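Visitor: Got a minute to walk me through a structure? I'd like to poke at cysteines, rings and empty spaces.

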Amino acid sequence: MSVKVFNTIILFAFIHISLFAQHTITIESRINFEEKTIAIKQDVLYVNNSPDTLRTIMFNDWNNAFSSKSSALAKRFSDEFVRAFHLAPDADRGYTAVKNCIDENFNQLQWNRPNEIVDLLELSLHTPILPYTSQKITLIYNVKIPNDKFTRYGFDDNQLYFKDFLLVPCKYENRGFIKYSNENLDDNTNALCNYTITTKLPTNYTLATNLSIIKNDANIYTLEGEKIQSVALIINKETNYKSYTNEFIEVSTNLENKRINEIQKVILIDRITRFTQENLGSSLTNKILVSQEDYDRQPFYGLNQMPAFLNPFPNELMFELKFLKTYLYKYLKANLQLNARNESWIYDGIQVYTMMQYMDQYYPDMKLTGNVAKLKILKAYNIINLDFNQQYNYLYMLMARKNLDQAVGLPKNKLIKFNEQIANKYRSGLNFKYLDSYLENEIVANSIKEFLNNNRECESSKYDLEYILKKNTSKNIDWFFETLVNSRDLIDFKFGKVKKTDEKVTVTIKNITQTNVPISFYELKNDSIVHKEWITNITTDTTLVFNRNKADKITLNYLNEIPEYNLRNNWKSLKGFLFNHRPLKFNFFRDLEEPYYNQIFYVPEFEYNLYDGIAVGMNINNKSLLNKPFTFSATPFYSPNTGSLVGKASLSYENNIRTTGKLYKVKYAIRGSEFHYAPNARYTNLSPTVQFYLRDPDFRSNKKEYILLKQLYAKREQSIYITDENTEDYNIFNAKYGNFQSEGTKHYSFLTDLQVAGNFGKLAAEVHYRKLFEDNRQITLRFFAGTFLYRDTNSDYYSFGLDRPTDYMFEHNLLGRSESNGLFSQQYVYAEGGFKSKLNTRFANQWMATANVAFNIWNWIQVYGDVGVLKNNYQNPQFVYDSGIHLNLVPDYFELFFPVYSSNGFEINQPHYNEKIRFVITLSPKTLISLFTRKWF
């Protein structure tokens, strides 16, 4: 062998070894429990595995994201209406204080935050690192961890949970560092590193970690770990973590469940770790940490909503499901080297698919509601009889029916919260289950295991998975990645015409959404499958002929292998003449859709106003737990104050538009109601409407617009208490345009309102702005201007209201609609003039312009001021003002206003001050629920 050849072999061997070398991090640290800090001296042996010469190194410093109210993390909190972070004191927020950076030759190194991104640190090297060489760097810094109320990682009274707190080199790929900010998504881009950490704990404190504890000498711990992406240290006053070890893995956990004993835990943990080993392969790391905090961040949604007193699942199963979900998540994060932000669907899909496999193997007959399904009184409900694994499809479909679903292949930080936490995770698992049903022979399960085994130590991508899946099957599966992963296209097939003989069935299959994916076809006899077949390339109406096999029913997607948009059009009976006869089925409250019935729901409902009292009624509707295009609702109420019936009713049709433009929904509706507006005087209104909904293509932007066209027909009985002329019967055409952008720290809205009637026409506009500043001061600004285009009435019923509108359009829930004095007249609504004080002139019948401002002085206590000019016919323009204290307890839902000084003078000293106090109160359950759902949708 020549010297040249020998040197070449040595060079290639060196390069091969270098490619798999890890950065080595050695840390000496000291923890201060009282100050919630850790002082760190960190040596980094940085190995350049690339062919590039590196002059800078990028480090993730995700703990420092908590130091700023303008970081990407703070912005995400605001997007999801979480104000706690913005309002928190400095002591509750974390930071990283870098003290010194030197290289192995003791050269001082400069560092900076690139583009002022607070959670990245760029280190400028004195000596560049050549390809396939290494350099030692020393970093000295202090870390202050945040309060755990923000992300569940951090400090509380008893524990310090350090997670993503170290300065860790970013992954280097394709000639650049992957630079992502912390957005509370657990998707860091840390490079794999070998760790040795020495730390000293205060006396009587214990340590739990995902690293191996090698030595414990007088509270000085030595921790080691190889090929670790993220280090976790948990310092606790109590020893609540226990380790469980078998020949495959060591698990340290404090997962709570007081209803099972230690032997049961050992058995369940051993079963789950063995199942994972058999289905996904050996773990790259020899220890996995499963904490209660990890589970609480991503609980088993559905399971965690079940009332504890029902005890729906055996105690062992409750613990088993929690541990299974969390362990699989931590296992995949430790063993699969993906871009966790751009390809999170692979982590999610494998996790949920493996959970479904586990339930199929160990609990094949388990229902979604567990033991509750055994209660005969609840057997009529579809949700009670649902198989456990079918919940994933319905929770994904919840978003699809709202037209809020997103492609699972989108980057994780582009997903709205419900999709990121629930819908996209479940859809990803369903996609694998769908592909598994189509390919059969455990091809998907074996391919996932192969993918994991091949990519434990080197960075991988969806293209590696695609290659393995296509290698292992002869079937065309391009649709899996093109449609199920990279698009939000819906799947929906239905039967068209069906002809039958004793021997043959001729059916037309229609592809409603034009999505080219396989569909499963079944023939049933007495609900037993007599024939199954996968059909492909149904892109247009296609007629097929099958042997009948004595079947009495044909179905598509019978076993719900496919995440299909509508299951109600998937079957045809072959008995008699009525192919799809669906009998009526009445259910109390709500239920999931049941394909073989027309469901009617009845729900008790209550309404309150001064004139009807507490009206009790029964709402009859067809609104299942999932949105549907056509809905109806009718609620007759008994009015105890009048001894008569009142009520409301509505019909609506929603057309979801799934193109890439801004228009995403058109809603057609007709609504009517009849209640009392004064003692023993009824009003009746009927309003056909069409509303166009528009949104930003970026679903997380919280930007929405709408256009509303409505015709209102109203009839009011005459009342001795109401003296307005010509206000009994009227009809008004109303056109509105609204533009909204709202988040936890900022709100903006713009609204225009045109009304045209026989005796008046008016135009109004409103701008509303609310901002929470970094010093926790909040300002609210509102501007309103309105003018009559023409007017032929002497009544103030249609005039602009300075302190409260008359609500002749029936848009506000006024408790005392006609009250001008007393408690019910003090109800305040944000509309028209927006004044809080009742002045001598309360209406404007020509034009009005007002400005409302509020500024907080402490937490939810604000001062407000209103100014305006209003003009009435035959009178000069009048300047008005008021001011006072505003208790903004729950914005837009429960607020109090205390007038102080206005055009009336100093109001506090005036008689009957209690009658001047105004309040905002919301009783509508739907409105109150939106206070919570806005964080998710």
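Guide: Here is a chat about the cysteines, aromatic rings, cavities and a pocket of this model.

Guide: Before anything else, keep in mind that the model is predicted.

Visitor: Okay, cysteines to begin with. How many disulfides does the count come to?

Guide: Zero disulfides, going by the rule used here. The cut-off for that rule is a pair of cysteine sulfur atoms within 2.5 Å.

Visitor: Why is there no bond for Cys101?

Guide: Because the closest cysteine sulfur, in Cys170, is 14 Å from the sulfur of Cys101, and that is too far for a bond.

Visitor: And which cysteine sulfur is closest to the one in Cys193?

Guide: Cys170 has it, at 10 Å, so that is too far for a bond as well.

Visitor: Is Cys101 buried or exposed?

Guide: Cys101 is buried, with 1% relative accessibility. Cys193 counts as buried too, at 0%.

Visitor: Switching to rings. How many aromatic pairs does the structure hold?

Guide: It holds 60 aromatic pairs. One of them is Tyr153 with Tyr161, a tilted pair with 4.8 Å centre to centre and 50 degrees between the planes.

Visitor: Are Tyr153 and Tyr161 buried or exposed?

Guide: Tyr153 is buried with a relative accessible area of 10%, and Tyr161 is buried with 1%.

Visitor: What about Phe879 and Tyr881, how are their planes set?

Guide: Their planes are at 35 degrees and the ring centres are 6.1 Å apart, so that pair is tilted. Phe879 counts as exposed at 53% relative accessibility, while Tyr881 is partly exposed at 29%.

Visitor: Which residues form an aromatic cluster?

Guide: One cluster is made of Trp345, Tyr353, Phe432, Tyr434, Tyr438, Trp479, Phe480, Phe481 and Trp534.

Visitor: Which charged ends sit over a ring?

Guide: Arg271 has its charged end over the ring of Tyr362, 4.3 Å from the ring centre. Lys333 has its charged end over the ring of Tyr347, at 4.9 Å from the centre.

Visitor: Let's talk empty space. How many cavities of 30 Å³ or more turn up?

Guide: A search of the whole structure gives 12 of them. The largest cavity holds about 280 Å³ of space. It is lined by 17 residues, and the closest to its centre are Asn210, Ser230, Lys330, Lys333 and Ala334.

Visitor: Hang on, Lys333 came up a moment ago. What was that about?

Guide: Yes, Lys333 has its charged end over the Tyr347 ring, and Lys333 is also among the residues closest to the centre of the largest cavity.

Visitor: Which element gives the most to the lining of that largest cavity?

Guide: α6 does, with four residues. The elements that supply at least two residues each include β15 (220-228), β19 (287-290) and α6 (315-335). By class, the lining has six nonpolar, five polar and six charged residues.

Visitor: And the second largest pocket, what's its volume?

Guide: About 980 Å³. Its lining has 38 residues, with Asp387, Gln390, Tyr558, Leu559 and Asn560 nearest the centre.

Visitor: Which elements give two or more residues to that lining?

Guide: For the second largest pocket they are α7 (344-362), α8 (382-385), α9 (391-401), α10 (417-439), β23 (528-535) and β25 (553-556). α10 gives the most, with four residues.

Visitor: How does the lining of the second largest pocket split by class?

Guide: There are 19 nonpolar, 10 polar and nine charged residues in it.

Note on methods
Residues are numbered from 1 along each chain as its sequence is written. This is a predicted model: local features need pLDDT of at least 70, side-chain atom pairs count only at pLDDT 80 or more; totals for chains, interfaces and linings use all residues. Side-chain values use heavy atoms; hydrogens and water are left out. Buried means under 20% relative accessible area, exposed over 50%, partly exposed in between (1.4 Å probe, protein chains only). On a 1 Å grid over the protein atoms alone, a cavity is a set of points where a 1.4 Å probe fits but cannot get out, and a pocket is an open set with protein on both sides within 12 Å along at least five of seven lines; lining residues have an atom within 4 Å of a point. Grid points are joined across faces, edges and corners, and a volume is the space filled by probe spheres set on the points. Ala, Val, Leu, Ile, Met, Phe, Trp, Tyr, Cys and Pro count as nonpolar, Asp, Glu, Lys and Arg as charged, and the others, Gly among them, as polar. Rings of Phe, Tyr and Trp (its six-membered ring) pair if their centres lie within 6.5 Å; planes under 30 degrees apart count as stacked, over 60 as edge-to-face and the rest as tilted. A charge sits over a ring if NZ of Lys or CZ of Arg is within 6 Å of the ring centre and within 35 degrees of the ring normal.
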